[in-house]
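Here's a small set of exercises to work through with the model open beside you. Try each task before reading its solution.

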Amino acid sequence: MIVINYIMSLGASVMMPIIFTIFGILLGLGVSKSLRSGISVGIGFVGLSVVTKLLADNLGPAVNRMVELYGLNLKVLDIGWPAAAAVAYGTEVGAIVIPLGLLVNVVMLLTKTTNTVNIDLWNYWHFAFIGSIVSIATNSFLWGLFSVVIAVAITLVGADRSQNQVEHFYGDKMKGISIPQAFCIGFIPFAIITNWIIEKIPGLNKVDLDAKKLQEKFGIVGEPLFLGVIVGILLGVIAQYSIAEMLSLGITMSAVMVLIPKITGQFIEGLNPISKRSQELISSKLKGGRQLNIGMTPALVIGHPVTLVCSLLLVPIILFLSVIIPGNKFLPLASLSGLIYIFLLVLPYTKGNVLRSLLTGILTLVSGVWFATSLAPIFTKAVQVVNASLIPKGTSAVASIDFAASPFSWIVYQLTVNIGVTGAIILGIVTLGLAFFNHKKITQKLHTTEKHFPNVHTHA
């Protein structure tokens with residue numbers, strides 16, 4: 001346990017290279033190739049951290065200026081996902097979440113209730129977060145473990161069910177790769193609902209504008225680097241910046257739009273050898289045409305231009321909406337640079353449609369600020385238990401978009417804590433139902449493969 005806690009304390013940029021290097025060696029990739037893959041992944045995390053900090057350092061002052069100008073004084077302070085992750089891994093539940101999560105994954109693989117091998121260990125903190133707040137609220141370690149198992153199982157099913165859409169939308173780089181990240185999985189229903197509503201609205205259902213069409217229609221104005229400038233200047237105008245400050249913010253936003261996709265390439269370079277070797281090894285051990293998907297970090301697809309455009313546009317929109325949404329007490333600030341993670345599994349369902357993706361983002365955050373407000377008391381208590389220094393002086397309540405604004409965490413918490421045994425039974429039945437449904441889909445695919453292509457391996 002001490003070793004696990006120490007490795008987790010190193011942060012993703014150090015922890016993940018160590019894990020992937022070891023993983024590569026165990027897979028028989030060789031020391032040299034494994035080390036190269038591990039270091040490449042580490043470089044990707046460092047690069048993403050640098051660009052995210054660049055975004056936060058420039059977006060933060062603009063947002064703070066808006067808060068002052070327009071009196072956006074809400075009581076629940078956003079302290080960002082790093083604080084949430086620290087809380088998640090700082091409890092007894094968090095200390096064992098990785099071995100527990102892997103155990104659940106193995107059981108589900110053996111029972112054919114998932115086809116995903118989740119090696120995105122850093123993002124196990126989402127499972128740990130749910131387990132930690134439930135454990136602290138109920139004063140029960142076992143209730144925390146129960147919540148972790150539920151979260152892991154539902155996430156694995158979600159990763160399986162979204163894999164085909166992810167591979168089709170993002171292309172060959174995601175072949176045989178799924179995204180078992182709980183925060184991203186939680187927004188898939190919003191994309192499906194938004195699509196369904198828009199299809200019922202004449203005129204609106206004809207709007208078809210993706211990144212490629214945006215660029216073709218508007219030329220350079222539709223390119224990510226130019227859109228970054230426009231959105232940056234727009235934010236500067238709202239913050240009443242000087243012309244020099246507006247232009248500087250515009251260029252910085254443009255840099256973020258250009259650099260993030262390049263960093264994505266670094267992740268792919270590091271993870272591809274391990275992903276391919278994993279698939280080869282697993283396929284050789286499995287019979288009946290079953291091929292598993294490798295669960296990877298969502299950072300692999302973070303650079304899509306529609307994701308970046310919608311994330312930046314969502315900043316002023318959610319700041320405005322936070323003030324007028326009835327019952328909301330949460331003001332998104334520190335988490336705004338992480339809005340990109342909302343869209344990663346939304347785009348495959350909206351087909352990259354800018355309008356539908358943005359409307360989905362608005363819907364998720366409108367509900368998200370309510371969820372964050374609702375979870376703020378237990379979030380604050382958890383921070384006080386694990387590390388009270390994370391709460392700024394004079395602040396009475398804290399939360400974050402990731403993972404307190406997630407419908408996933410809110411539902412699990414409400415059912416286990418506020419409803420109790422009955423809620424836990426409901427969760428258990430739903431989870432088993434989803435697992436059985438996934439098992440049925442997996443076995444149907446296997447039977448189809450065996451019947452029509454007896455000598456060919458396809459994705460189950």
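**Exercise 1. The second largest cavity**

Task: Work out how the lining of the second largest cavity divides by residue class, and which residues form that lining.

Solution. Start with the classes: the lining has four nonpolar, two polar and one charged residues. A quick reminder before going on: this is a predicted model. Next, put names to the lining: Trp81, Phe183, Ser335, Gly338, Tyr341, Ile401 and Asp402. Now sort them. Trp81, Phe183, Tyr341 and Ile401 go in the nonpolar group, Ser335 and Gly338 count as polar, and Asp402 is the charged one. Finally, add the volume, which comes to about 50 Å³.

**Exercise 2. The largest cavity**

Task: Find how many cavities of 30 Å³ or more the structure holds, then describe what surrounds the largest cavity.

Solution. First, the count: there are two cavities of 30 Å³ or more. The largest of them encloses about 90 Å³ of space. Next, look at its walls. The lining is made up of 13 residues, and those nearest the centre are Leu55, Ser311, Leu312, Ser337 and Ile340. Then trace the lining back to helices: α3 (31-70), α13 (243-285) and α14 (305-324) each contribute at least two residues. Of the elements involved, α14 has the largest share, with four residues. Last, check the chemistry: 11 lining residues are nonpolar and two are polar, with no charged ones.

**Exercise 3. The largest pocket**

Task: Now go for the open space. What is the volume of the largest pocket, and which element gives the most to its lining?

Solution. Begin with the volume, about 810 Å³. Around that space sit 37 lining residues, with Ser49, Thr52, Trp81, Pro82 and Ser337 closest to the centre. Two or more lining residues come from each of α2 (12-26), α3, α4 (81-89), α7 and α15 (340-343). Of these, α3 gives the most, with 11 residues. Split by class, the pocket lining has 21 nonpolar, 14 polar and two charged residues.

To finish, compare notes with the earlier exercises. Trp81 is among the residues closest to the pocket centre and also lines the second largest cavity. Ser337 is likewise among the residues closest to the pocket centre, and it is one of those nearest the centre of the largest cavity.

**Exercise 4. Two sheets**

Task: Give the strand order of each open three-stranded sheet, and say which strands stand at the edges.

Solution. Take the sheet containing β1 to start with. Its order is β5-β1-β6, and the pairing is parallel. β5 (330-331) and β6 (397-399) are the edge strands; each has a single partner, so one side of each has no neighbour in the sheet. Zoom in on β1 (residues 76-78), which is joined to β6 by three bridges. One bridge to look for pairs Asp78 with Ala399 in β6.

Then move to the other sheet. Here the order is β2-β4-β3, again with parallel pairing. β2 (116-118) and β3 (177-178) stand at the edges, each pairing on one side only. Two bridges link β3 to β4 (residues 293-295), and Ile177 has Ile294 of β4 as its bridge partner.

**Exercise 5. Two helix pairs**

Task: Classify how α7 packs against α8 and how α14 packs against α17.

Solution. For α7 (residues 125-138) and α8 (residues 141-170), the angle is about 155° and the axes are 7 Å apart. Angles over 145 degrees count as roughly antiparallel, so that is the label for α7 and α8. Their crossing is right-handed.

For α14 and α17 (residues 354-387), the angle is about 40°, with 9 Å between the axes. That makes α14 oblique to α17. This crossing is right-handed too.

Notes. Residues numbered from 1 in each chain as written. Predicted model: local features only at pLDDT ≥ 70, side-chain atom pairs only at ≥ 80, totals over all residues. Heavy atoms only, no water. Pairing = 2+ DSSP bridges. 1 Å grid on protein atoms, 1.4 Å probe; cavity = no way out; pocket = protein on both sides within 12 Å on 5 of 7 lines; lining within 4 Å. Points joined across faces, edges and corners; volume = space filled by probe spheres on them. Axes fitted to C-alpha atoms, helices over the stretch in contact; angles between N-to-C directions. Parallel < 35°, antiparallel > 145°, perpendicular 65-115°, else oblique. Left-handed = near helix turned anticlockwise from the far one by under 90°.
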